[in-house]
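Visitor: I'd enjoy a close look at a single part of this model, the place where a charged side chain meets an aromatic ring, and then at what surrounds it. Could you walk me through it?

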Amino acid sequence: MKPVVTIEPNWQLCSDCAVRASAVCSSLDAVELREFEHLGRRVHFSSGETVFSEEDITTSFYNLLEGVMRLYKLLPDGRRQIVGFALPGDFLGMNISGRHNFSAEEIGAVTVCQFAKLPFGRFIEDRPHLLRRINELAIRELSQARDHMVLLGRRSADEKVAAFLLGWRERLVSLKRALDTVPLPMSRQDIADYLGLTIETVSRTFTKLERHGVIEIIHGGISLLDPAKVEALAAA
């Protein structure tokens, strides 16, 4: 079933985009931006819709403008492994095989800037600075994937949850969001599928950390009451 989406006309100026500084287009000058505006279209997806699915042929690339997406693969036995969470500024869909190697699904409503693959490819051909920016984003994604591999290794549930909370907070701070509390738009099941734990273990660990005064569980997120303790656990 195809997602129900809302597509806006190309009236939005790239120079006014809230995530431009962290997005793939940050390397473009004013003249290039005006041309770039005509390549993309702003698309709104409602909560729980799928932007693209694993093994689908890649026809578009996506710059996330608003919201959060879960990125996941399905294992042969039907279990889900979440490989990451996308935030505004993340660029999704580029791959070597020509098919998507994971699925991308909304957590709440999201807005993306969608680019058709072929026109985008022609646009970047003679712009080495844009290619360098794409490489930078690819290297960052590879680094996050390696960190995730370490996270799935021989670490306790406490260490995994602490590392997740700290890493998530750091990513939000990088978007220049002041954080007294850390919003968690994803579900406990999402966190479990990301950390390779059961939902029961994740829930018990959150409760344990709260009981020990490390965090406070609030509606929609957590407060880090003892950041030093969280950092110590994450570094273990």
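Guide: Happy to. Let's start with Arg188, whose charged end sits over the ring of Phe206, 4.1 Å from the centre of that ring. Please keep in mind that this is a predicted model.

From Phe206 we can step straight into the interior. Phe206 belongs to the largest nonpolar core, a set of 34 residues, and is among those with the most contacts inside it, together with Phe85, Phe164, Trp168 and Leu184. Several elements give two or more residues to this core: the strands β4 (60–74), β5 (80–86) and β10, and the helices α4 (157–174), α5 (188–195), α6 (199–211) and α7 (227–235). The largest share comes from α4, with nine residues. In soluble globular proteins, nonpolar side chains tend to be buried together.

Phe164 gives a good view of how the core is knitted. Setting aside neighbours within four places in sequence, Phe164 is in contact with Phe85, Leu184, Met186, Ile191, Tyr194 and Leu195. There is also a second, separate core of 20 residues, which includes Cys17, Val19, Phe91 and Ile134.

Strand β10 deserves a stop of its own, as one of the elements contributing to the largest core. Three strands form an open sheet in the order β8-β10-β9, with antiparallel pairing. Because β8 (182–183) and β9 (215–218) stand at the edges with a single partner strand each, one side of each is left without a neighbour in the sheet. Four bridges join β9 to β10 (residues 221–224), and Ile217 stands opposite Ile222 in β10.

Now back to rings and charges. Another charge-over-ring arrangement has Arg80 over the face of Tyr72, at 6.0 Å from the ring centre.

Rings also meet each other here, with a count of 14 aromatic pairs. In one of them, Phe52 and Phe102 have ring centres 5.8 Å apart and planes at 45°, so the pair is tilted. That pair links distant parts of the chain, 50 residues apart: Phe52 lies in strand β3 (residues 50–52), while Phe102 lies in the loop between β6 (91–92) and β7 (103–116). Both Phe52 and Phe102 are buried. Elsewhere, ring pairs link Phe36, Phe61, Phe91, Phe115, Phe120 and Phe123 into a cluster. Phe91 in that cluster is also one of the residues of the second core.

How values were computed: Residues are numbered from 1 along each chain as its sequence is written. This is a predicted model: local features need pLDDT of at least 70, side-chain atom pairs count only at pLDDT 80 or more; totals for chains, interfaces and linings use all residues. Side-chain values use heavy atoms; hydrogens and water are left out. Two strands pair if DSSP finds at least two bridges between them. Rings of Phe, Tyr and Trp (its six-membered ring) pair if their centres lie within 6.5 Å; planes under 30 degrees apart count as stacked, over 60 as edge-to-face and the rest as tilted. Buried means under 20% relative accessible area, exposed over 50%, partly exposed in between (1.4 Å probe, protein chains only). A charge sits over a ring if NZ of Lys or CZ of Arg is within 6 Å of the ring centre and within 35 degrees of the ring normal. A nonpolar core is a set of buried Ala, Val, Leu, Ile, Met, Phe, Trp, Tyr and Cys residues joined through side-chain atoms within 4.5 Å. Contact means heavy atoms within 4.5 Å.
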